[in-house]
Structures are given as C-alpha cells and as structure tokens.
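Subject: Structure handover

Hello,

Here is the structure for you to look through. My notes follow below it.

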Amino acid sequence: MASNDSSPPDAKRLRRSPPSPSSSSPDHLLVDEILTRLPIAAAVRLRAVSRDWNAALTSDYFILAHRARAAAARRHPELLFFAPPEPRKTSSTTTFYACSLRGGEAPAAARELLTIDCFSAKHAVTSPRPCRGLTLVSDGREPRYHLLNLSTGDHVTLPPCQPAAELHSEPIARVLPGGITSYLPSMSPWDPFELSTTGLGFDAATGEHKVVRLFKKRNGEHVCEVYTLGKPGGWRPCTGRVPASAANFLPGLPPVFVNGYLYWLLQPAAPGDWQIRRILSFSVGAEQFGSVYMPPRLSSRMRHLTNLDGSLCAVFDNRVEG
C-alpha cells in the first residue's frame, strides 16, 4: 500500500490490537502520543521493526510531529559549536557540542554530540542550519565533506571529489559602489583557501538529500557537481547549465536551503554597477539554476542570506548608505 507523506500512517501499519470503534484510532495514538516522545536515536532503531514501521517513522508527518514536540519540550534554543584543537597538539580530531541558552545566562554545561577523526576544526565550514536532520561540514582547505546526524551521533564521510582552484594568501576583498570596501576579509582566512562553496538540500519528491558543490576548477572553469546520499556513483555534474554569474560566488560561504532551493549570495558588482540579481538559486529537484531579483539599492547592502521560519531573508548593512 502506498503511503501519503503528508498524512498520518495508515491504521493497519502500526496496530497490533483489533480495530477500535473510537474515532481516534490506535495508530494515531501510538504515533502522536508515544513515538513522537522518543529520542531520535530510539526512533531510528525502531525503523528496523518492519517495512511499515520504517515508512511511518520516515514520513513527513512523523518528522514534523516529532520536531514540533521536541521544540515545545525544549523551550530554550540550543547552540551548536566545536572546539579548536589544543595548542601544541597535532591531532586533527574535532568534537561537536551543544548547549542550551536560557535567557542570556551562561550555559551550565555542554553535551558532547559526536567526534570526527581527520577533520580540523580550525578550518571547518558548516551548513547554516540542519536540513531534515543532517548537517554538512567541510574542510575549507581541501574537498573533504562529512554529513552529520547530531541527534543520533552518526556521520558519514562523502567520497572524494574534484580539487578546486586555490588562493594562497591573496587579497580577496572587493569594493562596493561608492568606493566603500566590502565586508569580505582582506585576505583569505587560511592558506591554501579553496575556491568552492557547498550546500545541502533535500528533494521532497524523491526523499533524497543532495550535496551541491559550486567551484572553480584549476583551469579557470566554473562547474557544479552533485552527490546524492545513498546512491552509488559518487559525485556527478548537475543536470542544468552553470550560468556565467556563478563565477561571482563567495568562496567558503555556504548557500541557504529554503523550500527545495539553494540560494547563494554573489559577490558585489564593480563600482558604479548596481546588481539586481545578486542571489543565485538552484532547484535541488530539477537541478536547474536561476536568480532572484533584488531592488538595486538593497542589493548593494546585502551581507548574507538566512532561512527564518521557512522564508529566505537577507541581512543588510545600513552603514553602506553614506
């Protein structure tokens, strides 16, 4: 029987007892009142009970219900962070932690989530926020990527991908219209600095996570490659054509994922040139590029993008205006 991800699991799936005459069927009670209260790690283990349980526990209905209950129970936002390596220590092991923020008070303690070997926190780049439970982290010096499930403590290292062109202690700052120096750092943050930007998205039609990498090859060409989690074959070129504007991506700045699309903020235009399309979009399902129109004067003041409650938002710097 086919399942509808937007509705609760069918009554026959999770029920062990005979049907109940009550309008509130046992499967709804089991899912809504019991399974949504379990820690993520326990829910993941229960997927092995049967195919029906696996389908129910991976449906959009359960994921959204579990997320809503967890948010209501937590009541305090949590901060994810990782610690840099200790001085005089050559190990490249990185541990991720979380702590609860309570009204501006100093956190009492941090919870250890997971540890990654052969990964340097000193050069780590993370996706802006989790995507359907997964977080993408990478090493800014080389094409090495990891997907983390911070709830279960699991992680997977992605297969190797093409090397990108690099900066070696070179200036990367640009000038905004009016001669004002941009917010970009004057020098690359570390050496070498890979000219790439990578994001994590989710294709709701297929139920697949995709890692999308936009980068400059060593021959000067700008290309895009995609890795689909759980599919063989490794990295592959994206389906759509890479537009010329992609050459203006900001190295090391991950895109923002909102409602099936990844959005990159492009570098400011040359002095005197008001950009109206400083946001590059990418459909995770169709793998096609597009752009987002911005009023010229607002475009020049954008500093970075973010996802606020499912809406694409831009942060502006009013100091640019005079």
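How many cavities of 30 Å³ or more does the structure hold? There are 3. Please keep in mind that this is a predicted model.

**The largest cavity**

The largest cavity has about 140 Å³ of space. Its lining is made of 14 residues, and those closest to the centre are Val125, Ser138, Ser196, Thr198 and Gly252. Three strands each give two or more residues to that lining: β4 (124-126), β5 (135-139) and β12. By type, the lining residues split into 8 polar, 4 nonpolar and 2 charged. I took the strands of the lining in turn.

**Strand β12**

Strand β12 covers residues 196-203. Is β12 enclosed or open to the outside? It is largely enclosed by the rest of the structure, because 8 of its 8 residues are buried. Ser196, Thr198, Leu200 and Phe202 point one way. Thr197, Gly199, Gly201 and Asp203 point the other way. Both sets are buried.

β12 belongs to an open sheet of 4 strands, with antiparallel pairing. The order is β12-β13-β14-β15. The edge strands are β12 and β15 (236-237), and each of these pairs on one side only. So much for the layout; now the pairings.

- β12 and β13 (residues 208-216) run antiparallel and are joined by 8 bridges.
- Thr198 of β12 has Arg213 as its bridge partner in β13.
- The hairpin of β12 and β13 has 4 residues between the strands, and Gly207 takes a positive phi near 70 degrees there.
- β14 (residues 222-228) and β15 also run antiparallel, with 2 bridges.
- Glu225 has Pro237 as its bridge partner in β15.

**Strands β4, β5 and β6**

β5 is also largely enclosed by the rest of the structure, since 5 of its 5 residues are buried. Both of its faces are covered. Thr135, Val137 and Asp139 lie on one side, with Leu136 and Ser138 on the other.

β5 pairs with β4 in the antiparallel sense, over 3 bridges. Thr126 stands opposite Val137 in that pairing. β5 also pairs with β6, again antiparallel, over 4 bridges. Here Ser138 stands opposite Tyr145 in β6. The hairpin that β5 and β6 form has 5 residues between them. Ser138 is also one of the residues closest to the centre of the largest cavity.

**The nonpolar cores**

Which residues have the most contacts inside the largest nonpolar core? They are Val211, Leu214, Trp264, Phe282 and Phe289, in a core of 27 residues. The elements that give two or more residues to this core are β6 (145-149), β12, β13, β14, β17 (261-265) and β18 (279-283). β12 therefore appears on both lists: it contributes to this core, and it contributes to the lining of the largest cavity, while being largely enclosed.

Leu214 is worth opening in your viewer. Leaving out residues up to four places away in sequence, it touches Ser196, Thr197, Val223, Cys224, Val242, Ala246, Phe249, Trp264, Leu280 and Phe289. Among these, Ser196 is one of the residues closest to the centre of the largest cavity.

Another core lies apart from the largest one. It has 10 residues, including Ala98, Leu113, Ile116 and Ala124.

Best wishes

Definitions and conventions: Residues numbered from 1 in each chain as written. Predicted model: local features only at pLDDT ≥ 70, side-chain atom pairs only at ≥ 80, totals over all residues. Heavy atoms only, no water. Pairing = 2+ DSSP bridges. 1 Å grid on protein atoms, 1.4 Å probe; cavity = no way out; pocket = protein on both sides within 12 Å on 5 of 7 lines; lining within 4 Å. Points joined across faces, edges and corners; volume = space filled by probe spheres on them. Nonpolar A, V, L, I, M, F, W, Y, C, P; charged D, E, K, R; others polar. Buried < 20%, exposed > 50% of the residue type's maximum accessible area, 1.4 Å probe, protein only. Core = buried A, V, L, I, M, F, W, Y, C linked by side-chain atoms within 4.5 Å. Contact = heavy atoms within 4.5 Å.
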